[in-house]
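Please open the structure in your viewer and keep the selection tool at hand, as this tour goes from one selection to the next. At each stop, you will read what to select and then what is there.

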Amino acid sequence: MDSLILDSNTWLLVLTGAGVSAESGVPTFRGMSGLWEDQHVEAVASPEGFRKDPSRVWRFYSERRKGAAAVHPNPGHEALVAWERHLGDRFLLATQNVDGLHTRAGSQRVVEMHGNLFKTRCSRCERPPFDDATVYPTGTVPECDACGMRLRPHIVWFGEYLEPADIQRIEDFSLRAATSGGRLVFLAAGTSGAVYPAAGIVDQVRKAGGETWLVNLDPAENSSRFEHRVVGKSGEVLPTLAKLA
Ligand code: APR
């Protein structure tokens, strides 16, 4: 198996998906026993679904909060913390995961592209998102203290745009790597490559002349666009994949 060299010239951009949390006991979305197997995506993860049945949406996210609060980071999360410690500001972790396990493991340079399960915001007023681990009882739709309108989970739903600042942060990292004359490396782990813009980062990095790695249990929809592909569980592969030089 090729080694991923992380030396003083390396700028590493990492993208993670649900597969990285699978070994912690967090269900993935697609594939066998994935979340989308038993749930209508539109009903629980879209603005329309929230408008139609907000208590159903809160039931879904409250269940996910309960599940994520009961599990712990795994060796895959911990390996990324070690890489960050080694590379410092030449490291950035963009995650599609909303479970907060990267931060709980100790990752600091994290972009939560799809939001965070343990944050809530108002569906109407400008009140900033706030920390909220509440598991709301069935039938409950919490209301905003500021304007009285419905609160919603701070999650990017289907049909919604990502925070422009988050996308900018990822693009700025690649640009800084390029202008520094360093070696840009992109590694994606535990993601099916089904959702954009996350699934398109590999193309941006390739265009910038960067090296690309995929660590995944099954073939991803964008597998062919990666130079190096390692098939396996991220909790087993990531701890031994990199040579820290
Ligand atoms: N190690 C590595 N890869 C794994 C593991 C594991 N232990 N277990 C599963 N996988 C792989 C699967 O083979 C699959 O390709 O992880 C991938 C998970 O894919 P998805 O369930 O589609 O999750 P993800 O790519 O993160 O989904 C992207 O879609 O539903 C939306 O917003 C949601 O952020 C999510 C986005």
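## A loop and its surroundings

Begin by selecting His 114, which sits in the loop between strand E4 (110–112) and strand E5. Keep in mind throughout that what you are looking at is a predicted model. Is His 114 buried or exposed? With a relative accessible area of 15%, His 114 is buried, because residues under 20% are counted that way. If you now display the residues around His 114, setting aside those up to four places away in sequence, you will find that His 114 touches Thr 95, Gln 96, Val 98, His 154, Ile 155, Val 156, Leu 162 and Val 195.

Next, select Glu 112, which belongs to strand E4. Glu 112 has a relative accessibility of 22% and therefore counts as partly exposed. Beyond the residues up to four places away in sequence, Glu 112 touches Thr 95, Gly 100, Thr 103 and Asp 166. Add Leu 162 to the selection as well: Glu 112 and Leu 162 are 50 residues apart in sequence, and their C-alpha atoms are 9.8 Å apart in space.

From Glu 112, move on to Thr 103, one of the residues that Glu 112 touches, which you will find in helix H7. Thr 103 is partly exposed, at 45% relative accessibility. Apart from residues up to four places away in sequence, Thr 103 touches Val 110 and Glu 112. For a distance to check in the viewer, take the C-alpha atoms of Thr 103 and Val 81, which are 22 residues apart along the chain and separated by 9.2 Å.

## Along helix H5

Now select residues 54–69, which form helix H5. This helix has 16 residues and reaches 22 Å from its first C-alpha to its last, which is close to the 22 Å expected at 1.5 Å a residue. Which residues of H5 are buried? They are Pro 54, Val 57, Trp 58, Phe 60, Tyr 61, Ser 62, Arg 64, Arg 65 and Ala 68. To see what covers these buried residues, show the surrounding elements, including helix H2 (35–38), helix H3 (41–44), helix H4 (47–52), helix H7 (101–105), strand E5 (115–122) and strand E7 (151–155).

Stay in this area and select Val 141, which lies in the loop between strand E6 (130–131) and strand E7. Leaving aside its neighbours within four places in sequence, Val 141 is in contact with Pro 54, Ser 55, Trp 58 and Arg 150. At 24% relative accessibility, Val 141 counts as partly exposed. If you draw a line from the C-alpha of Val 141 to that of Glu 23, you will span 32 Å between two residues that are 118 apart in sequence.

## Two helices side by side

Select helix H6 (residues 75–87) together with helix H10 (residues 234–241), which pack at an angle of about 25 degrees with their axes 7 Å apart. Because angles under 35 degrees count as roughly parallel, H6 is described as roughly parallel to H10. H6 passes H10 in a left-handed crossing. Where the two helices meet, Pro 75, Gly 76, Ala 79, Leu 80 and Trp 83 in H6 contact Ser 234, Gly 235, Leu 238, Pro 239 and Leu 241 in H10. Sorted by class, this contact has seven nonpolar, three polar and no charged residues.

## Two last stops

Turn next to Leu 13, which lies in strand E2 (residues 10–16) and, at 1% relative accessibility, counts as buried. Not counting its neighbours within four places in sequence, Leu 13 is in contact with Leu 92, Ile 170, Phe 173, Ser 174, Val 185, Phe 186, Leu 187, Ile 201 and Val 205. Leu 13 and Leu 93 are 80 residues apart in sequence, while their C-alpha atoms are 6.1 Å apart in space.

Finally, select Pro 197, which is found in the loop between strand E8 (183–189) and helix H9 (201–207). Display the backbone here and look at the peptide bond from Tyr 196 to Pro 197, which is cis, with omega near 10 degrees.

Notes
Residues numbered from 1 in each chain as written. Predicted model: local features only at pLDDT ≥ 70, side-chain atom pairs only at ≥ 80, totals over all residues. Heavy atoms only, no water. Axes fitted to C-alpha atoms, helices over the stretch in contact; angles between N-to-C directions. Helix = DSSP H or I, 4+ residues; strand = E, 2+ residues; numbered from the N terminus. Parallel < 35°, antiparallel > 145°, perpendicular 65-115°, else oblique. Left-handed = near helix turned anticlockwise from the far one by under 90°. Contact = heavy atoms within 4.5 Å. Nonpolar A, V, L, I, M, F, W, Y, C, P; charged D, E, K, R; others polar. Buried < 20%, exposed > 50% of the residue type's maximum accessible area, 1.4 Å probe, protein only. Expected span 1.5 Å × (residues − 1).
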